Amino acid sequence: MNRMRYLIALTTAVLALLPLSAMAGSWKDINQLSELVQATGTEIVQSDCEGSFFGYYVYNHGRKIDRITLCTNKLNMKDNNAVWETLAHESTHVAQSCLHGYVFKAEYSPRIFRTIRAEAPHYAKILESYASDDRLTEAEAFYMELRPPIEVKRMIIDACGITSERIASFRKD
């Protein structure tokens with residue numbers, strides 16, 4: 001009996017130390033990430049959408065479009081897991097736009113694809129349907145869906161140079 005308790009305690013301790021990569025954000029995390037994204041100048045809107053996506057990001061400097069759309073007819077807006085995953089994914093595209101390229105260095109690409117295959121094989125299948133030019137862009141976004149909320153928020157802050165002054169300025173508007 002003591003051995004069983006020891007094993008349960010040990011397992012619990014190990015699990016508590018492991019990063020919960022598939023941990024979705026809370027409503028607080030969703031609100032914080034939304035605020036960070038909007039501080040970049042990116043608008044977040046909710047709308048019905050064509051096709052099968054839950055959301056998408058559009059940036060067109062010439063037409064002055066910088067917008068994440070959350071597809072309310074596809075995305076369960078009451079499910080924080082679904083909203084977080086979509087917002088984390090599209091926020092990665094905002095970060096890529098800020099950087100004019102990829103979020104991660106090229107040497108991390110194999111690790112990103114391995115993580116996706118291991119933790120979210122359904123995303124790996126989706127990635128196969130993308131043109132090779134878009135595959136890494138989308139892989140980074142799927143990968144960030146799997147990361148803890150603090151990493152996603154840190155990514156957008158670092159990539160887009162968000163400062164506390166910029167957030168305070170956004171809040172005043």
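**Reading disulfides, a sheet and salt bridges**

Modeller: Let us start with a disulfide in this predicted model: the link of Cys98 and Cys160 is right-handed, with 95 degrees about the S-S bond. The pair links distant parts of the chain, since Cys98 lies in helix α3 (residues 80–99) and Cys160 in helix α7 (residues 149–160), 62 residues apart. The S to S distance of this disulfide, which joins Cys98 to Cys160, is 2.1 Å.

Colleague: Is Cys98 buried, partly exposed or exposed, and how does Cys160 count?

Modeller: The general idea is that a residue is called buried under 20% relative accessible area and exposed over 50%, with partly exposed in between. Cys98 has a relative accessible area of 30% and is therefore partly exposed, whereas Cys160, at 10% relative accessibility, counts as buried.

Colleague: How many disulfides does a search of the whole structure find, and which pattern do they follow along the chain?

Modeller: The search of the whole structure finds two disulfides, and, with bonded cysteines counted along the chain, they follow the pattern 1-2, 3-4. In the other link, Cys49 is joined to Cys71 with an S to S distance of 2.1 Å, and this link is left-handed, with -90 degrees about the S-S bond. Here too the pair links distant parts of the chain, 22 residues apart, with Cys49 in the loop between β1 (43–47) and β2 (55–60) and Cys71 in strand β3 (residues 65–71). Both Cys49 and Cys71 are buried.

Colleague: Since Cys71 brings us to β3, how should I read the sheet, and what is the order of its strands?

Modeller: As a general idea, strands of a sheet pair through backbone hydrogen bonds, either parallel or antiparallel. In this structure the three strands form an open sheet in the order β1-β3-β2, with mixed pairing. β1 and β2 stand at the edges, and each has a single partner strand, so one side of each is left without a neighbour in the sheet. Direction ignored, neighbouring strands of this sheet are turned by 25 degrees against each other on average.

Colleague: In which sense, parallel or antiparallel, does β3 pair with β1, and in which sense with β2?

Modeller: β1 and β3 pair in the parallel sense over five bridges, while β2 and β3 pair in the antiparallel sense over six bridges. Individual residues show how the strands are aligned: Val45 has Thr69 as its bridge partner in β3, and Thr69 in β3 is also the bridge partner of Tyr56. Tyr57, in turn, stands opposite Ile68 in β3.

Colleague: What do β2 and β3 form together, and how many residues lie between them?

Modeller: β2 and β3 form a hairpin with four residues between them, and in the turn Lys64 has a positive phi of about 55 degrees.

Colleague: Which helix lies across the strands, and is β3 mostly covered or uncovered?

Modeller: Helix α3 lies across β1, β2 and β3, and α3 runs at about 15 degrees to β2. As for β3, that strand is mostly covered, with five of its seven residues buried.

Colleague: Turning to charged side chains, how many salt bridges are there, and with which residue does Asp29 form one?

Modeller: The general idea is that a side-chain nitrogen of Lys or Arg within 4 Å of a carboxyl oxygen of Asp or Glu makes a salt bridge, and by this rule the count comes to four. Asp29 forms one with Lys153, the closest N and O atoms being 2.7 Å apart. This pair links distant parts of the chain, with Asp29 in helix α2 (residues 27–39) and Lys153 in helix α7, 124 residues apart. Asp29 counts as buried at 16% relative accessibility, and Lys153 is buried as well, with a relative accessible area of 9%.

Colleague: Which residue forms a salt bridge with Glu151, and how far along helix α7 are Asp158 and Arg154 separated?

Modeller: Glu151 forms a salt bridge with Arg147, with the closest N and O atoms 2.9 Å apart; Glu151 counts as partly exposed at 33% relative accessibility, whereas Arg147 is buried, with a relative accessible area of 12%. Asp158 and Arg154 form another salt bridge, in which the closest N and O atoms are 3.1 Å apart. These two residues are four apart in helix α7, so about one helical turn separates Asp158 and Arg154. Arg154 counts as partly exposed, at 45% relative accessibility.

Methods. Residues numbered from 1 in each chain as written. Predicted model: local features only at pLDDT ≥ 70, side-chain atom pairs only at ≥ 80, totals over all residues. Heavy atoms only, no water. Disulfide = S-S within 2.5 Å. Buried < 20%, exposed > 50% of the residue type's maximum accessible area, 1.4 Å probe, protein only. Pairing = 2+ DSSP bridges. Axes fitted to C-alpha atoms, helices over the stretch in contact; angles between N-to-C directions. Contact = heavy atoms within 4.5 Å.
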